[in-house]
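Visitor: I would like to look closely at a single part of this model. Please take one helix and describe how it sits among its surroundings.

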Amino acid sequence: MKIRLPENNKPRIEMLPLIDVVFLLLVVFIYTMLSMAVHKGMPVTLPESSVGNSEKDTILSVTINKDYLIFVNKELVDLEHLTRILEQKAKKEEKTNVLLFADKSISYQHLFKVLDRIRQAGLNQISLQADPEDQISK
């Protein structure tokens, strides 16, 4: 009587599950890169808003911190020179949108002084930024 032993096949590495995993990682990395917000302002504590959302496709960012220092795209600027610098930067770019980040502790009067300087530079599309209420850590 002859006994047949099972043939020893070489183990195979299946490519389809490997391709699925690589594709899934690629999708996760692409989604993560696209969801990152570009923030050109300085870190400040923004006021709260229930309908606040951030705009991502703006060119100029004006930030007023709690020490009343003014920054244009992270560059320190005097209030007297703000209009001239904004005019220069607006000439370089096609879009004239401005994101205004103001610390919630600054006075209302100082905020309007900065808003007036921005309007004197010919920039009328100004977005005052705020943190959404659900993202505020307590």
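**A close look at helix 3**

Guide: In this predicted model, the buried residues of helix 3 are His110, Leu111, Val114, Leu115 and Ile118. Viewed down the helix axis, these buried residues fall within an arc of 140°, so they line one face of helix 3. That face packs against several elements, since the buried residues of helix 3 are in contact with strand 2 (60-64), strand 3 (70-72), helix 2 (82-92), strand 5 (97-102) and strand 6 (125-128). On the other side of helix 3, by contrast, Gln109 and Gln120 are exposed.

The length of the helix can be checked as well: helix 3 covers residues 108-120, and its 13 residues, at 1.5 Å a residue, should span 18 Å, which agrees with the 18 Å between its end C-alpha atoms. Just after helix 3, Gly122 adopts a positive phi of about 85°.

To place this part in its setting, the protein chain has 3 helices and 7 strands, and its elements run α-β-β-β-β-α-β-α-β-β from the N terminus on. Of the 138 residues of the chain, 30% count as buried. Among the contacts in the chain with a separation of 6 or more, 71% come from residues 24 or more positions apart. The protein chain exposes about 10900 Å², of which carbon and sulfur atoms supply 56%.

Terms used
Residues are numbered from 1 along each chain as its sequence is written. This is a predicted model: local features need pLDDT of at least 70, side-chain atom pairs count only at pLDDT 80 or more; totals for chains, interfaces and linings use all residues. Side-chain values use heavy atoms; hydrogens and water are left out. Helices (H or I, at least four residues) and strands (E, at least two) are DSSP runs, numbered from the N terminus. The expected span of a helix is 1.5 Å times one less than its number of residues. Buried means under 20% relative accessible area, exposed over 50%, partly exposed in between (1.4 Å probe, protein chains only). The arc is that of the directions from the helix axis to the C-beta atoms. Contact means heavy atoms within 4.5 Å. Accessible areas come from the Shrake-Rupley method with a 1.4 Å probe; for residues, only the protein chains shown count as cover.
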